[in-house]
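Let's take a walk through a protein model together, with an eye on how its parts fit around one another. Have your viewer ready and follow along at your own pace.

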Amino acid sequence: MPEPTTATTAPCHVPSEIDAVIVGAGFAGMYMLHRLRGLGMSAIVLEAGTGVGGTWYWNRYPGARCDTESMQYSYSFSPELQQQWSWSERYAGQPEILRYANHVADRFGLRRDIRLETRVTAAVWDDGKRRWQVTTDRGDTVSARYCVMATGCLSNARMPDFPGRESFRGEVYHTGHWPHEGVDLAGKRVGVIGTGSSAIQAIPVIAETAAHVTVFQRTPNYSIPARNGPMTPDYEQDWKTQYDARRAMARQTRNGILANFNDKSALEDSPEARQRQYEARWVTGGTTFMASYNDLITSKASNDTAAEFVRNQIRSIVKDAKTAELLAPKDYPIGTKRICADTNYFEVYNRDNVSLVDIRNAPIERLTEKGLVTGGKEYEFDAVVFATGFDAMTGTLLKIDIRGRDGQSLRTKWEAGPRTYLGLMTAGFPNLFMITGPGSPSVLSNMLVSIEQHVDWLADCLGHAQSRQCNLVEPTQQAEDDWVAHVNEVAHKTLYPSAASWYMGANVPGKPRVFMPYIGGVGRYRQHCDDVAAKGYEGFRVEGRVGERVG
Ligand code: NAP
């Protein structure tokens, strides 16, 4: 396995004219660059961080690891890469995934076209030239035919605006912006705000050395034991000998993960059989618990059986009955907020140095010099960790001043929620593409599967345009309206909209409540995108000279 690279390559030159600007050097941006080079296009990746890896570059909190198995959460586009790379654990930790990202950057010679420490601040469409003017915080302006937003769905970390934040004298961290040099919390009194996936991974690790950890919980989460462990040679070999077939199958599943999907309703089984099914999944571990039955996200009655099983597991693990009840989610269906996978999360509350504070009815009032106040009581800390999540899916895009046809800003267009065709483009913003954008399966799926599908589709689309001397791709308003209606219709056939989740924008005050990802399933969505392409990019205008439809 290659040595870790910290990627301090000298910044590459930003040309003033280029075929494509790609924003972000995570897994999406790197693969996009690779595919565009294959088309003979000139492309540059602009990345705010000092290294590649996207989400795995930023999220370095203790315990950070992927909760999709590494054999599946990895690129499939290169048979040599997938055969030669070895993962050390069933679920790789953040440092190993970052090493993998760096390995990919080196292996495919990507660094020479990646400009680090360069944040894109604006992108403005010039209709006369049919090009994007992309501006960076370094003062560069690049004119690009195409602009690909590979900006990630969970990349705009959210710090709640508590009064007095500046007055706190101790250390302040956000899980999504963890210092690269690491943080020593040993012997310290630590407050953790939030109980989402990041907190659930971080708390047990922080508790190992901290003097005391106080967790402030607004909403409890359903979490399944990850059952992480070392990769065994047999398991690895089993995957590697059947990689092509398994990857092909995963692409046809609901969420891009091979998961032993049980295609029957939970209500078809007797209570005893259901218990056995859930227990077996609990022992296997992982978020694929939701594949126990085929109707857990559509039938409340079925969902209740799975939710109650998990609540009972929590009650059996956590010794203090009051704490167990606080940790057991009761007011939203399991899986409708992102289900978590953990290592010793519920067990951690049996430690003497961990306590839980319920802030549902007593929100954090303010930060003080010494700590924070909730329910009229001050808690004192040496460090406060914000595990408060992200302005998901749209936050990073809307931070950039994106202006399309007639100067229309994306912020204005998406005021009432994101509107896209296939999660790939939005009408009025020609030649601007999103990788895993809102309206695509994206965060509901194995991100690597969805990234590769989008990048491949887009590379084929641009190859199609190129071969016909076209220089403009844009969805029609009608295609977008129909797709948005479809995305909503499918979402509302499920239980998802009933939870105040970040999928709905509910974690950001003032954000429109719209179910953002497409829940129709990765396989079905892929088929739909392929059909669109096969019909000459139905719903898109693919044009050469102004007004001339070629595609
Ligand atoms: P998150 O799921 O949005 O959780 C944020 C937590 O902070 C929630 O418990 C939230 O409570 C709480 N919170 C937010 N604002 C608050 C406020 N003003 N006062 C009190 N509490 C507040 O964020 P995350 O844990 O960083 O995870 C985000 C997503 O990243 C995950 O859902 C997952 O998709 C991905 N992720 C994946 C992995 C993995 O693969 N293992 C690991 C980490 C993250 P409410 O629930 O009440 O809003």
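The paragraphs below go from the sheets to the helix and then to the ligand. Keep in mind throughout that this is a predicted model.

A word on sheets helps to begin with: strands of a sheet pair through backbone hydrogen bonds, either parallel or antiparallel. Both kinds of pairing are waiting for you here. Start with the open sheet of five strands, whose order is 7-16-8-9-12 and whose pairing is parallel. If you trace it from side to side, you begin and end at strand 7 (171-174) and strand 12 (354-358), the edge strands, each of which pairs on one side only. From one strand to the next, the twist averages 20°.

Now zoom in on one pair within this sheet. Strand 8 (residues 189-193) and strand 16 (residues 383-386) run parallel and are joined by four bridges. For a handy landmark, look for Val192, which stands opposite Val385 in strand 16. Against this sheet packs helix 5, which touches strand 8, strand 9 (212-217), strand 12 and strand 16. The direction of helix 5 makes about 160° with that of strand 9.

Helix 5 also leads us to the ligand. Spanning residues 197-209, helix 5 gives three residues to the shell around the ligand, the largest share. How many residues surround the ligand in total? There are 25, and the closest are Arg65, Thr195, Ser198, Arg218 and Thr219. By character, the shell divides into 10 nonpolar, nine polar and six charged residues.

Several polar contacts are worth displaying as dashed lines. At Arg65, a polar backbone atom is 2.7 Å from a nitrogen atom of the ligand. With Lys337, the side chain takes part: one of its polar atoms lies 2.9 Å from an oxygen atom of the ligand. Arg338 also uses its side chain, with a polar atom 3.3 Å from an oxygen atom of the ligand. How much of the ligand's surface does the protein bury? Taken alone, the ligand exposes 910 Å², and the protein buries 89% of that.

One more sheet remains to be visited. This open sheet has three strands in the order 13-14-15, and here the pairing is antiparallel. Strand 13 (364-367) and strand 15 (377-380) are the edge strands, each pairing on one side only. The twist in this sheet averages 25° from one strand to the next. Three bridges link strand 13 with strand 14 (residues 371-374) in the antiparallel sense. To find your place in this pair, look for Ile364, which stands opposite Thr374 in strand 14.

Terms used
Residues numbered from 1 in each chain as written. Predicted model: local features only at pLDDT ≥ 70, side-chain atom pairs only at ≥ 80, totals over all residues. Heavy atoms only, no water. Near = heavy atom within 4 Å. Polar contact = N/O pair within 3.5 Å; in protein donor to acceptor, adjacent residues only side chain to side chain. Areas by Shrake-Rupley, 256 points an atom, 1.4 Å probe, with all protein chains shown as cover. Helix = DSSP H or I, 4+ residues; strand = E, 2+ residues; numbered from the N terminus. Nonpolar A, V, L, I, M, F, W, Y, C, P; charged D, E, K, R; others polar. Pairing = 2+ DSSP bridges. Axes fitted to C-alpha atoms, helices over the stretch in contact; angles between N-to-C directions. Contact = heavy atoms within 4.5 Å.
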